[in-house]
Amino acid sequence: MTAAAILVSGVLIAGALLAWPRTRRTVTTPAERAVHMVLHTASEAARPLRRGLTADSAAEAAPHLRALTGAQALGIADAEGALLAWEGPHPELAGIFTDAARRAISTARPLLVAGPGAGGHTVIAQPLSTEYGGMVGALGAVVSGQPDPGMLGAVAEVARYACGHIELAELDASRARLDRAEVRALRAQISPHFIYNALNTIASFVRTDPARARELILDFADFTRYSFRTAGEFTVLADELKNIDRYLVLERARFGDALQVRLQVAPEVLGVVLPFLALQPLVENAVRHGLAPQPSGGTLTLVAADEGTDCVITIEDDGVGMDPDLLRSGALDAIEKGSVDAPSGESAHIGLANVDDRLRAAFGDDYGLIVETAPRAGTKVIMRIPKFRAGIHP
């Protein structure tokens, strides 16, 4: 049985092995040991390929892919046919492989080429293609004599396995690019009205209270520096709250006693990781569209509570509220894009839908935003975040 054949059937056998009582040994027969070894080798090959197809990942994966195919030597080429890695003897065949790789990639078909001399070696060039990236490279195997159907099948299966993990790497990269694009969009939605009003407020204090003006300038500088930072798509709650505090200092300097703020934060959740700029749009929405339209102002309440495995954050205002039918009908995006009037009569460029999408993408659909509102009854936004999630870090 070839390594590739064992790889195909190994998942079923491995499931049976895992179901055995713990008092029995997991691997007991030569066939089971072979399955275990092939699964381990496949896992070792997958790890670097999940980083994408580069010279470094190809060099790291090549020994494991060679073991899976059973080839004497193995080569990996990029989408242009350039050699990324060569594992094993017969380096003189590397040039033959790269030439065969270019032809295999151009025709999207495997190619067999006989090596020079009396050694009787054959080079198999198997194209590597993914659904999203098209042709991404080629896998080459060196065998003695003419390869039998089992060897050809083994090389094809291992190539398909490699393509699967390269495709996952492409999806991871696409998701990372999307996350960065969403953060850039969210930064662009930081209200120009807030920036204009903050600068006007600071200017009003320059003559009457220069010391206060200097403090507000520093708060404004820190707010913009944090909002437009380039590090990471995630942050910790403590840093988000610091930025919220800077924003509220500037707004309270403008509104005075008309804007009251209540904060209640459990110390245990300060280190919780959440998407960058997840809170600021919610707070700005409460101030600008909930409280500012009321002549008497109102109160904004922010609570971050420890609820077992989750952190629950609520942002509530006692302002003008909005029609809940707009939320139920999916009109939130339209409000944010300005094609539907917000409750205050202005178009709201506040990324509620952006934040909701990023929460669901990071933690699952159970962690989207919950909005409770009604006209003249204020608005309450609830955000639930897991206190720990593997792979999510600031």
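**Exercise 1. Determine how the end-to-end reach of helix 9 compares with its expected span, and decide whether the helix is covered or open.**

Solution. Helix 9 covers residues 280–291, which is 12 residues, and extends 15 Å from its first C-alpha to its last, close to the 16 Å expected at 1.5 Å a residue. The expected span of a helix is 1.5 Å times one less than its number of residues, while helices (H or I, at least four residues) and strands (E, at least two) are DSSP runs numbered from the N terminus. The next step is burial, where buried means under 20% relative accessible area, exposed over 50%, and partly exposed in between (1.4 Å probe, protein chains only). By that criterion helix 9 is mostly covered, with 12 of its 12 residues buried. The buried residues include the charged or polar Gln280, Glu284, Asn285, Arg288 and His289.

The model is a predicted one, in which local features need pLDDT of at least 70 and side-chain atom pairs count only at pLDDT 80 or more, whereas totals for chains, interfaces and linings use all residues. Residues are numbered from 1 along each chain as its sequence is written, and side-chain values use heavy atoms, with hydrogens and water left out.

**Exercise 2. Place helix 9 in its setting by describing the protein as a whole.**

Solution. The secondary structure comes to 12 helices and 12 strands, and 45% of the 394 residues count as buried. Turning to contacts (heavy atoms within 4.5 Å), one finds that among those between residues at least 6 apart in sequence, 63% join residues at least 24 apart. The accessible surface, obtained by the Shrake-Rupley method with a 1.4 Å probe, where for residues only the protein chains shown count as cover, comes to about 19400 Å², and 55% of it belongs to carbon and sulfur atoms.

**Exercise 3. Identify which residues touch the most other members of the largest nonpolar core, and which helix gives the most to it.**

Solution. A nonpolar core is a set of buried Ala, Val, Leu, Ile, Met, Phe, Trp, Tyr and Cys residues joined through side-chain atoms within 4.5 Å. The largest such core has 47 residues, of which Leu237, Leu279, Ile313 and Met383 touch the most other members. Helix 8 (residues 237–255) gives the most to this core, contributing seven residues. Leaving aside neighbours within four places in sequence, the contacts of Ile313 include Leu237, Leu279 and Met383, together with Val381, Ile382 and Ile385. A second, separate core of 26 residues includes Leu49, Ala58, Val136 and Val143.

**Exercise 4. Find the positive phi values at Ala108 and Leu277, and state whether each residue is buried or partly exposed.**

Solution. Most residues other than glycine have a negative phi. Phi of Ala108 is nevertheless near 60°, and this residue sits in the loop between helix 4 (94–107) and strand 3 (111–114), where its relative accessible area of 44% makes it partly exposed. Phi of Leu277 is also near 60°, and Leu277 belongs to the loop between strand 8 (273–275) and helix 9. Leu277, however, is buried, with a relative accessible area of 1%.

**Exercise 5. Work out how the salt-bridge partners Glu157 and Arg160, and then Arg384 and Glu307, are placed in the secondary structure.**

Solution. A salt bridge is a side-chain nitrogen of Lys or Arg within 4 Å of a carboxyl oxygen of Asp or Glu, and by this rule the count comes to 12. Glu157 and Arg160 meet at 2.8 Å, N to O; because they are three residues apart in helix 5 (residues 149–188), about one helical turn separates them. Glu157 is partly exposed at 32%, whereas Arg160 is exposed at 52%.

The closest N and O atoms of Arg384 and Glu307 are 3.5 Å apart. Arg384 lies in strand 12 (residues 379–386) and Glu307 in strand 9 (residues 298–307), so this pair ties together parts that are 77 residues apart in sequence. Both partners count as partly exposed, Arg384 at 31% relative accessibility and Glu307 at 41%. Finally, Glu307, Asp310 and Arg384 are linked in a network of salt bridges.
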